[in-house]
Amino acid sequence: MKTKRRRASLPSITCPHCQSVAAIRTSESVSELLRQLRFRCENDECGHVFAADLVVVRTIVPSACPNPLIRLPFGRTARTANDDTPIPANDDRPAAAEIAPTPS
Ligand SMILES: [Zn+2]
């Protein structure tokens with residue numbers, strides 16, 4: 001039986017200058033939780049090349065083979081960076097500083 005191979009589509013975002021599609025060209029691992037992506041705008045008249053960070057921020061389904069060095073908060077929703085709502089005292093989530101990757 002012959003199976004049809006589908007071409008994987010690469011993730012893309014909008015170019016911040018011209019709002020056209022910008023596709024990932026390369027990526028580089030910075031740490032277990034951080035990968036830096038290099039995008040190029042597909043509008044030939046623009047040609048903007050830029051970098052963006054892809055950061056693992058939380059666990060939705062726990063790993064079956066967890067790395068003890070990786071500690072991520074659980075949850076389906078993320079707290080925004082400017083959310084100053086205090087976390088209840090009985091919440092054992094690690095502080096943001098403990099999970100934030102340190103760029104090199
Ligand atoms: Zn552009």
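One aromatic pair is counted in this predicted model. The rings of Phe-39 and Phe-50 have their centres 5.5 Å apart. Their planes meet at 10°, so the pair is stacked. Phe-39 belongs to strand E3 and Phe-50 to strand E4, so the pair ties together parts that are eleven residues apart in sequence. Both Phe-39 and Phe-50 are buried.

The two rings also belong to the largest nonpolar core. This core has seven residues in all: Cys-15, Ala-22, Ile-24, Leu-37, Phe-39, Cys-41 and Phe-50. Strands E2 and E3 each supply at least two of them. E3 gives the largest share, with three residues. In soluble globular proteins, nonpolar side chains tend to be buried together.

These elements sit in a chain with one helix and four strands. Their order along the sequence is β-β-β-β-α. The protein chain has 104 residues, of which 14% count as buried. Contacts that span long stretches of sequence were also assessed. Among contacts between residues at least 6 apart in sequence, 26% join residues at least 24 apart.

Two members of the core, Cys-15 and Cys-41, are also ligands of the zinc ion. The other two ligands are Cys-18 and Cys-46. Each of the four cysteines coordinates through its SG atom, at 2.3 to 2.4 Å. The angles among the four donor atoms run from 94 to 114°, and the site is tetrahedral. For four tetrahedral donors, the ideal angle at a metal is 109.5 degrees. The donor residues follow the spacing C-x2-C-x22-C-x4-C in sequence. Within this set, Cys-18 and Cys-41 link distant parts of the chain, 23 residues apart. Cys-18 lies in the loop between strand E1 (12-14) and strand E2 (21-31), whereas Cys-41 lies in strand E3 (residues 34-41). The structure holds zero disulfides.

Burial varies among the cysteines. Cys-41 has a relative accessible area of 0%, so Cys-41 is buried. Cys-18 has 27% relative accessibility and therefore counts as partly exposed, because that value falls between the 20% limit for buried and the 50% limit for exposed. Cys-46, at 29%, is likewise partly exposed. Cys-65 is exposed, with a relative accessible area of 67%.

Contacts around the zinc ligands were examined next. Cys-46 is placed in the loop between E3 and strand E4 (49-55). Beyond residues up to four places away in sequence, Cys-46 touches Cys-15, His-17, Cys-18 and Cys-41. With the same sequence neighbours left out, Cys-15 touches Ser-20, Ala-22, Cys-41, Cys-46, His-48 and Phe-50. Among these contacts of Cys-15, Ala-22, Cys-41 and Phe-50 belong to the nonpolar core.

Gln-19 lies in the loop between E1 and E2. Its phi is positive, at about 70°, although Gln-19 is not a glycine. Gln-19 is exposed, with a relative accessible area of 54%. The C-alpha atoms of Gln-19 and Cys-46 are 9.9 Å apart, although 27 residues separate the two in sequence.

Ala-23 lies in strand E2. Ala-23 is buried, with a relative accessible area of 8%. Leaving out residues up to four places away in sequence, Ala-23 touches Pro-11, Ser-12, Arg-38, Phe-39, Arg-40 and Glu-42. One of these, Phe-39, is a member of the stacked pair. Between Ala-23 and Leu-10, 13 residues apart along the chain, the C-alpha separation is 6.9 Å.

Thr-59 is found in the loop between E4 and helix H1 (96-99). At 15% relative accessibility, Thr-59 counts as buried, because the limit for that class is under 20%. Its contacts, apart from neighbours within four places in sequence, are Leu-72, Pro-73, Phe-74 and Gly-75.

Notes. Residues are numbered from 1 along each chain as its sequence is written. This is a predicted model: local features need pLDDT of at least 70, side-chain atom pairs count only at pLDDT 80 or more; totals for chains, interfaces and linings use all residues. Side-chain values use heavy atoms; hydrogens and water are left out. Donors are N, O and S atoms within 2.8 Å of the metal (3.2 Å for Na, K and Ca); water is not among the atoms, so sites may look incomplete. Four donors count as tetrahedral if all angles lie between 85 and 135 degrees; four count as square planar and six as octahedral if opposite donors are over 155 degrees apart and all others between 65 and 115; anything else is irregular. Helices (H or I, at least four residues) and strands (E, at least two) are DSSP runs, numbered from the N terminus. Buried means under 20% relative accessible area, exposed over 50%, partly exposed in between (1.4 Å probe, protein chains only). A disulfide is a pair of cysteine sulfur atoms within 2.5 Å. Contact means heavy atoms within 4.5 Å. Rings of Phe, Tyr and Trp (its six-membered ring) pair if their centres lie within 6.5 Å; planes under 30 degrees apart count as stacked, over 60 as edge-to-face and the rest as tilted. A nonpolar core is a set of buried Ala, Val, Leu, Ile, Met, Phe, Trp, Tyr and Cys residues joined through side-chain atoms within 4.5 Å.
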